[in-house]
Amino acid sequence: MSAAIEIEGLTKVYGFGDEEVKAVDGLDLSIGRGEVFGFLGPNGAGKTTTVQMLMQIIFPTSGQARLLGSPIGDISAREKIGYLPEMFQFHDFLRAEEFLDFHARLYGMPAAERKRRIGEVLELVGLKESARSRIRTYSKGMLQRIGIGQAIINKPEVLFLDEPTSALDPLGRRDVRDLILSLRDEGTTVFLNSHLLSEVEMTCSQIGILNKGKLIRLGDIESLVQPTHCVDIRVEGLPAEALDKIRKVAANIEGNNGDMTVMLKDEAQVSLLAKIIMESGAVLREFTPRSQQLEEIFVQSIEESGA
Ligand SMILES: Nc1ncnc2c1ncn2[C@@H]1O[C@H](COP(=O)(O)OP(=O)(O)O)[C@@H](O)[C@H]1O
Ligand SMILES: [Mg+2]
């Protein structure tokens, strides 16, 4: 079976001359069916532009893509796709159930099936009690949830969510996260644009990091996190010579010499690090080895790529 999403050399250039912006630059990506893919990147990296090309809202300057084995734009594939845009604007005079009905009609769903599916979706996004309220009276969290509701009304095989939680408070974020997890359990492929690392860490099986239109990292969380080991250290009276020795074994050091995170290339160096500090006569307050966090990988990748 073909992959859910296949992207080859996808490129979008906005403007021309001095104002030319390469928003997406030769993107290659393949996402398997049933995967939850986290597309990470700072603001302006090109995440929204990528999804807009896949949704045919804008057209690529060059390159191509296939969804569920068909060229983008092919009707048979589009029927199986759901999309929540980044800055959506809904018909807010509609009641939630009317709004979902409108979207279900766009997919040509018969009346009886619409009624059943709308009930199911309202239940899934936790808006059953507010089904008859007008969308204009909804809070931000409710809006985001009804937005996801319209994106899944057709039971999509592939779901695109562009920053679905950026406007939400922690509780709203948790709701959306749980929703993504239950869709994943049902086998839905999810393409999640986000700059929120913890959300991606908790829901995604695969991660791509985009910067200035280029894919700079790609892999599953384990393979991205593994190579470096971190130690959080709090220490008093660390002599300069000892710090120099630490610099030699470290891949990277963050913080000042009293309170720092030391990143090592392999686990064997953890005891070497401890030895250097103990032999220096400094007072050790904390020494906590841990694996690298996605945030550190993100920042490091962006820095290495020359942002
Ligand atoms: N319609 C447009 N016209 C010109 N430049 C644009 C347009 N849309 C986006 N851009 C530029 O393309 C780059 C990528 O933007 P975008 O895809 O929105 O990034 P992200 O979603 O990762 O924040 C940015 O530099 C942005 O300013
Ligand atoms: Mg965006």
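This report walks through a sheet and some of the helices in a predicted model.

**The sheet**

Let's start with the strands. Six of them make an open sheet, and reading across it you meet them in the order E6-E7-E8-E3-E9-E10, with mixed pairing. Strand E6 (81-84) and strand E10 (214-220) sit at the edges; each has a single partner strand, so one side of each has no neighbour in the sheet. From one strand to the next, the twist averages 15°.

Now zoom in on one edge. E6 and strand E7 (residues 158-162) run parallel and are joined by four bridges. If you want to find one of these pairings on screen, look for Gly82, whose bridge partner in E7 is Leu159.

**Two helices that lie across the sheet**

Here is how two helices are placed on those strands.

| Helix | Lies across | Angle |
|---|---|---|
| H1 (residues 47-54) | E3 (36-40), E7, E8 (189-194) and E9 (206-211) | about 145° to E7 |
| H11 (residues 294-304) | E3, E9 and E10 | about 35° to E9 |

How many of the eight residues of H1 are buried? The count is eight of eight, so this helix is mostly covered, given that a residue is called buried when 20 or more other C-beta atoms lie within 10 Å of its own. The list runs Lys47, Thr48, Thr49, Thr50, Val51, Gln52, Met53 and Leu54. Just after H1 comes Gln56, with a positive phi of about 60°.

**Helix H4, a helix with two faces**

Helix H4 (residues 111-124) is a nice one for a quick check with a ruler. With 14 residues at 1.5 Å a residue, H4 should span 20 Å, and its end C-alpha atoms are indeed 20 Å apart, so the two agree.

Which residues of H4 are buried? They are Arg114, Ile118, Val121 and Leu122. Because these residues cover an arc of only 95° around the axis, they lie on the same side of H4. There's a handy rule behind this kind of pattern: an α-helix has 3.6 residues a turn, so residues three or four places apart point the same way.

What do the buried residues of H4 pack against? Their partners are helix H3 (96-106) and helix H5 (140-152). Turn to the face of H4 that points away from its buried side, and you'll find the exposed residues Ala112, Glu113, Arg116 and Glu123. After H4 comes Gly126, which has a positive phi, near 70°.

Definitions and conventions
Residues numbered from 1 in each chain as written. Chains lettered and ligands numbered in written order. Predicted model: local features only at pLDDT ≥ 70, side-chain atom pairs only at ≥ 80, totals over all residues. Pairing = 2+ DSSP bridges. Helix = DSSP H or I, 4+ residues; strand = E, 2+ residues; numbered from the N terminus. Axes fitted to C-alpha atoms, helices over the stretch in contact; angles between N-to-C directions. Contact = placed C-beta atoms within 7 Å. Buried ≥ 20, exposed ≤ 12 C-beta atoms within 10 Å, placed from the backbone. Expected span 1.5 Å × (residues − 1). Arc of directions from axis to C-beta.
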